[in-house]
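Good morning, and thank you for the opportunity to speak. I would ask everyone to look at the structure on the screen while I go through it.

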Protein chains: 2
Amino acid sequence: MAVERPRLLTPGPVNLHPAAIESLARPQLHHRSPEAAALVRGLRARLARLLGTHGEVLLVGGSGTAAMEAAVRALFPSGARVWVPVAGKFSERWAEIARSAGLDPVVSEHPWGAAVRPEDLPQTRTDGALLTHSETSTGVLHPVRELASAVRARDPEAVVVVDAVTSFLLTPLQLEAWGLDAAVSGSQKGLMSPPGLAFVGLAPRALERLRPAGYYLDLVRERSAQREGQTAFTPPMQVVEAVHAVLEALGLKRRADLEVYGRRKAAANARFYGLGEALGLRPVPEGREVQSPATAAFYLPEGLGYAELSAAFAGRGWRIAGGQGPLKGRIFRVSAMGHFEPGELERAYTDFSRLLRPA
Amino acid sequence: MAVERPRLLTPGPVNLHPAAIESLARPQLHHRSPEAAALVRGLRARLARLLGTHGEVLLVGGSGTAAMEAAVRALFPSGARVWVPVAGKFSERWAEIARSAGLDPVVSEHPWGAAVRPEDLPQTRTDGALLTHSETSTGVLHPVRELASAVRARDPEAVVVVDAVTSFLLTPLQLEAWGLDAAVSGSQKGLMSPPGLAFVGLAPRALERLRPAGYYLDLVRERSAQREGQTAFTPPMQVVEAVHAVLEALGLKRRADLEVYGRRKAAANARFYGLGEALGLRPVPEGREVQSPATAAFYLPEGLGYAELSAAFAGRGWRIAGGQGPLKGRIFRVSAMGHFEPGELERAYTDFSRLLRPA
């Protein structure tokens with residue numbers, strides 16, 4: 001167990017922020033204590049401000065997928081028709097969750113690597129849409145603001161839910177101002193904390209529409225409990241503390257604080273795109289303007305297998321990610337989303353260029 | 001934030017084991033790495049041995065309630081009739097989960113503090129039973145082995161599921177030998193780890209019967225993934241590591257290892273019962289033979305409010321627990337389930353006796 005662990009260049013989980021690591025070393029806090037209630041209240045309010053909503057954020061103990069399912073079941077009745085533009089593994093997951101919840105997803109299929117466009121909206125009335133902001137499997141940032149406008153221009157009552165799992169903190173996102181009803185994210189991506197805590201941001205309109213659904217993932221139950229600073233069930237308290245500590249350390253209190261921070265993180269990730277393109281690599285996202293700030297995805301150069309490239313990065317102390325679904329074995333992905341010690345990211349760029357230099 | 005935190009005498013969460021704390025300080029492990037797969041495999045196999053099953057253990061990212069719901073939905077079709085003997089907050093939860101999953105619970109009501117008896121089994125055919133081993137809200141250890149025998153003597157195909165959230169590691173429990181089909185538990189009780197990881201132990205018969213249900217809590221999906229050392233979704237990897245580290249540090253590899261360990265923990269908890277009874281306090285469990293090793297629950301002495309007692313313990317650096325549901329404001333609860341430094345538990349006993357000495 002003394003073997004050194006690779007540092008993560010993966011698009012989640014990521015290297016923990018030192019404030020998260022420090023907070024994990026604290027003694028167990030009882031979730032029914034006043035200190036825990038203050039933390040839950042404070043974190044919910046801060047996350048709501050960062051998501052640009054006057055609604056509320058509800059915490060969910062589980063992965064981002066748990067929050068995706070909780071949002072779908074709380075916001076749509078069985079039989080509801082929802083547009084799901086599928087262009088990667090995580091948009092596919094929206095469709096699977098919608099089906100498992102008894103919804104009637106209207107799926108439009110798009111090439112993995114393409115950004116969905118407003119004109120892709122199918123010619124059929126819908127009750128809502130399940131959109132993906134940063135599609136982690138392709139490195140594409142979808143124009144959710146424009147997509148939401150198109151949906152709501154046609155169906156004003158449509159409920160628009162966004163998967164912001166890897167986009168949160170890294171790129172602008174605002175609920176009310178963008179016409180979004182809900183956004184979900186989790187602890188182990190831009191928040192640089194351990195996995196285990198997810199959350200659903202709900203604009204006021206969505207907050208009123210919540211319907212009870214299931215038991216553990218029931219957002220109506222959580223809304224009642226969390227308004228009292230409680231959670232319905234034992235929360236992953238260490239992760240609540242870690243996320244709070246990271247936001248505090250980064251000085252991210254309100255949405256305006258995100259601008260400079262997001263630009264810096266986006267630039268760090270864009271550097272991988274720049275280096276790759278200079279080396280002749282083909283990015284997966286079709287167009288520079290749709291490259292996600294959360295991950296840089298490239299097709300593998302001719303003659304280089306993913307196993308070989310991954311092993312070469314491992315030899316330099318890095319873990320990278322491969323492709324998923326139809327892109328498995330065809331692409332590789334890196335990310336600057338996590339925490340890096342001084343000089344560490346420079347070393348990553350250097351290794352990237354060396355390992356991918358054409359033979 | 002520099003205020004010292006109280007040490008926990010609560011029946012979960014509990015003071016973390018040093019091995020858990022140490023493991024939390026390690027760098028983030030990627031859940032798709034070979035090291036993570038080995039950990040997941042090893043932990044599942046070890047938990048299965050400790051639960052006395054040749055079946056499998058499936059990990060669930062969430063609280064114990066998440067695992068309770070996952071087990072109910074995976075093991076019973078909508079409309080199934082299940083016996084739910086209710087004698088406390090957590091057996092009430094079984095009934096709520098059964099209803100929310102569309103089952104037809106046959107609820108028998110028992111006094112909070114009484115142990116359910118085999119003769120309480122209702123005179124009606126059922127498809128299964130949802131039992132509570134250690135009822136944390138009352139401190140009662142229910143005779144699940146005898147209850148399961150009664151259920152299966154009448155309905156051999158009945159599926160018996162046990163909430164072992166606070167009994168696991170502290171008192172004997174065996175799936176196949178006791179005629180149990182499934183047992184659920186979590187990380188933040190006897191395992192002395194952070195909250196966030198739950199699990200379902202499934203005997204071979206139950207493992208074959210799993211049906212797909214929902215998405216995030218779907219055990220069929222988890223069975224496929226976890227047989228490959230994966231989990232379907234990002235797991236709370238830090239907690240997986242912590243639980244593994246604690247079991248390793250305690251030397252708990254197989255069921256036989258639990259005997260001495262369980263006796264020691266049970267004796268530590270029984271000491272609270274002994275001290276309380278010597279002080280004239282009335283235990284909540286009706287009879288010494290049904291006192292749970294996970295928590296000691298007493299009625300508050302005349303003239304002493306819970307807030308006052310709780311504050312007195314807090315003044316000595318301890319956090320205790322109050323009553324829930326109909327017992328709220330009428331009882332208090334302590335527990336020796338967690339980790340205590342040398343001499344610390346003796347100090348707890350001394351404080352307990354001093355603070356509860358009749359005026």
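I shall speak about the contact between two chains, then about one serine, and finally about a small sheet.

Please keep in mind that this is a predicted model.

Let us begin with the interface. How many residues does the contact take from each chain? Chain A contributes 50 residues, and chain B contributes 49. As a general remark, the size of an interface is often expressed as the accessible area that is lost when the parts come together. Here chain B and chain A bury about 4100 Å² between them, and 58% of that area is on carbon and sulfur atoms. On the side of chain B, the residues that lose the most area to chain A are B:Arg5, B:Gln28 and B:Tyr215, which together account for 21% of what that side buries.

What holds charged groups opposite one another can also be listed. Four salt bridges are found across the interface of chain B and chain A. One of the salt bridges in the model joins the side chains of A:Arg5 and B:Glu241, with a distance of 2.6 Å from N to O. Across the interface of the two chains there are also 16 residue pairs in polar contact. Which elements of chain B give two or more residues to the side that touches chain A? They are helix H2 (34–50), helix H3 (64–75), helix H4 (89–100) and helix H9 (237–250). By residue type, this side of chain B divides into 21 nonpolar, 17 polar and eleven charged residues.

I now turn to a single residue, B:Ser185, which lies in strand S9 (residues 182–186) of chain B. Is B:Ser185 buried or exposed? B:Ser185 counts as buried, because its relative accessibility is 2% and the cut-off for buried is under 20%. Leaving aside residues up to four places away in sequence, B:Ser185 touches B:Ala164, B:Val165, B:Phe168, B:Ala198 and B:Phe199. With B:Ala164 there is a polar approach: a polar atom of the B:Ser185 side chain lies 3.1 Å from the backbone oxygen of B:Ala164.

My last topic is a sheet in chain A. Three strands form this open sheet, in the order S11-S14-S13, with antiparallel pairing. Strand S11 (296–299) and strand S13 (321–322) are the edge strands, each pairing on one side only. S13(A) pairs with strand S14 (residues 331–334) over two bridges. Within S14(A), A:Arg333 stands opposite A:Ala321.

Thank you for your attention.

How values were computed:
Residues are numbered from 1 along each chain as its sequence is written. Chains are lettered from A and ligands numbered from 1 in the order in which they are written. This is a predicted model: local features need pLDDT of at least 70, side-chain atom pairs count only at pLDDT 80 or more; totals for chains, interfaces and linings use all residues. Side-chain values use heavy atoms; hydrogens and water are left out. Contact means heavy atoms within 4.5 Å. Buried area is the accessible area (1.4 Å probe) that two parts lose on being put together, summed over both. A polar contact is a pair of N or O atoms within 3.5 Å; within protein, one must be able to donate a hydrogen and the other to accept it, and residues adjacent in sequence count only if both atoms are side-chain atoms. Helices (H or I, at least four residues) and strands (E, at least two) are DSSP runs, numbered from the N terminus. Ala, Val, Leu, Ile, Met, Phe, Trp, Tyr, Cys and Pro count as nonpolar, Asp, Glu, Lys and Arg as charged, and the others, Gly among them, as polar. Buried means under 20% relative accessible area, exposed over 50%, partly exposed in between (1.4 Å probe, protein chains only). Two strands pair if DSSP finds at least two bridges between them.
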